Amino acid sequence: MKTKRLLIIDQLNLFFRSYIVDPSLSTNGQPIGGLKGVIKSLQKIIRETKPDQVVICWDGPGGSSKRKIMSKGYKDGRKPPRLNRGARVLTESEEKTNKTWQLQRLTEYFNEMPLIQFMFSGVEADDVIAYLARHKYYEDWQKVIVSSDKDFYQLLDEKTVIYRPVQKQVLNMNNLLKDFNIHPNNFAIARAMVGDKSDNLEGVGGIGLATAYKRFPFLSEAKPSTLTDILEHCKIQLKERKLKAYENVVDNSDILKRNYKMMQLYAPMLDITAKKVIHETIENVTFAFNKTETIKMMTQDGFGEINFHELFAFFNKIIVDQRTN
């Protein structure tokens, strides 16, 4: 029996990749690179991964409210994404409005397609993706997470891989162990030591991923390590030799604990209501594809030449499979 495959898309991550690099303009001269680029990317990714189901995950309004409580400066200082080209057709204000329109319009396109979308206020896509990847419903499925975010490395296992569009890379558990000598079960704790500048989370200082493995070799093992294991190892090693890495971890244990709590996805930050919505949706979803409306929207938005035959064929297959199962 063929193993089913689930495609889980970190949608805002994919959108900004297209928004920044795709120079597409509508027939009216308005930027539509994010909108059109995502649908083009979706067609390409589906062609390459051949999934049985696609779930779109969005960051909810306000981002992660729980993480912002833990760290007031969480994600502060991030520069807004800008178009990666010389010629600009809009003012900065118009560009912001256009970007918001493209995002909203994209959700409207997805509503006409046989896909599942999730967005919860105060919740990041990371937590929804992590919950889906370990959900009992998909236990026997292969999961393909589409994102360039390293936070998802901790979710890799025998049935979960990461497709990184920007890097044109498919990463599995064996790749991770080969590249970093750190097991996915311990990747969050290693990242907690290193920190994450993009999220404005400082590390304990003087530790990169290579140093994390060198000073804590047991992180390569499948057995999940705890913060207590890390601190106890430091104290034992410091009795024999004074190494800055161990001193930094001990002296900055509060930072380590905070970072781990914020960065780990083994226990996603979802409330009971969100979990219930996800569970009921994937258990009871009925797929539909409104091809006529989709093409109408593309014409209205000035896509120009439309060549999404492969994507539409995939959508039709979803409907057929639904009727026969």
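**Notebook: second pocket, core and helix α10**

I looked up the lining of the second largest pocket and found that its largest share, three residues, comes from α14. The model is predicted, with local features needing pLDDT of at least 70 and side-chain atom pairs 80 or more, while totals for chains, interfaces and linings use all residues. Residues are numbered from 1 along each chain as its sequence is written, and side-chain values use heavy atoms, without hydrogens or water.

A pocket is an open set of points on a 1 Å grid over the protein atoms alone, where a 1.4 Å probe fits, with protein on both sides within 12 Å along at least five of seven lines; lining residues have an atom within 4 Å of a point. Helices are DSSP runs (H or I, at least four residues), numbered from the N terminus.

I noted 13 lining residues, with K4, Q53, F287, Q322 and N325 nearest the centre of this pocket. Both α12 (272-284) and α14 (309-324) supply at least two residues each.

I then turned to helix α10 (residues 244-251), where A245, Y246, N248 and V249 are buried (under 20% relative accessible area, 1.4 Å probe, protein chains only). These residues lie on the same side of α10 because they cover an arc of only 160° around the axis, taken from the directions to the C-beta atoms. On the face turned away, I found K244 and D251 exposed (over 50%). The buried residues of α10 pack against α7 (184-194), α8 (209-215), α9 (227-240) and α11 (253-263).

Last, I checked L132: beyond four places in sequence, its contacts (heavy atoms within 4.5 Å) are I8, V55, C57, F118, Y138, I278 and I282.
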